[in-house]
Amino acid sequence: GTEGFSGQARVILPRLTSCFECSLDMFPPQKVYPMCTIADTPRLPEHCISYVHLLLWPKVFPDTKLDTDNPEHMKWIFERAKDRANNHNIEGVTYMLTVGVVKNVIPAVAS
């Protein structure tokens, strides 16, 4: 899930456990790429996906909010990111990676 190995629920008991704001450092750090890299010099599949997600979607669909649970929306993001990656000779754009980048999902590791 989005919290990695931290779990998906927290029990917060007043005066016994830390508050939610006090435990924010337990969340995994957000991956943020410089906008100039995303727009001008992509080097990673994630850069291509972020470009389509953050810059191209609002430009093409200004009145439509991206629904990350809508397969049509995610397919559109994936296809455009794959096109951008091909134009920049970048390999590795997959549908699963696209969903992961757009939803900020950290893959779980089975143990």
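## A tour around helices α3 and α4

Start by selecting threonine 98: leaving aside residues up to four places away in sequence, threonine 98 touches Ile49, Met74, Ile77, Phe78 and Val93, where contact means heavy atoms within 4.5 Å. You are looking at a predicted model, in which local features need pLDDT of at least 70 and side-chain atom pairs count only at pLDDT 80 or more, while totals for chains, interfaces and linings use all residues. Residues are numbered from 1 along each chain as its sequence is written, and side-chain values use heavy atoms, with hydrogens and water left out.

Threonine 98 lies in helix α4; helices here are DSSP runs of H or I with at least four residues, numbered from the N terminus. Its relative accessibility is 0%, so threonine 98 counts as buried (buried is under 20% relative accessible area, exposed over 50%, partly exposed in between, with a 1.4 Å probe and protein chains only).

Now colour the rest of α4. Val99, Gly100 and Val102 join Thr98 as its buried residues, and their cover includes α2 and α3. Step past the end of α4 to asparagine 104, whose phi is positive, near 55°.

Next, go to the start of α4, which covers residues 95-103, and pick tyrosine 95. Tyrosine 95 is partly exposed, with a relative accessible area of 34%. Show its neighbours: Pro71, Met74, Lys75 and Phe78 are in contact with tyrosine 95, again not counting residues up to four places away in sequence. Try a distance label too: tyrosine 95 and lysine 75 are 20 residues apart in sequence, yet their C-alpha atoms are 7.5 Å apart.

That brings you to α3, residues 71-87. How does its span compare with 24 Å, the value its 17 residues should give at 1.5 Å a residue? The end C-alpha atoms of α3 are 24 Å apart, which agrees (the expected span is 1.5 Å times one less than the number of residues).

Select the buried residues of α3: His73, Met74, Trp76, Ile77, Phe78, Ala81, Arg84 and Ala85. Their cover includes α1 (35-40), α2 (45-60) and α4.

Both ends of α3 deserve a stop. Asparagine 70 caps the N-terminal end, with a side-chain oxygen 2.8 Å from the backbone nitrogen of glutamate 72. Just after α3, asparagine 89 has a positive phi of about 55°.

Finish with leucine 16, in the segment before α1. Leucine 16 is exposed, at 71% relative accessible area.

Methods. Helix = DSSP H or I, 4+ residues; strand = E, 2+ residues; numbered from the N terminus. Polar contact = N/O pair within 3.5 Å; in protein donor to acceptor, adjacent residues only side chain to side chain.
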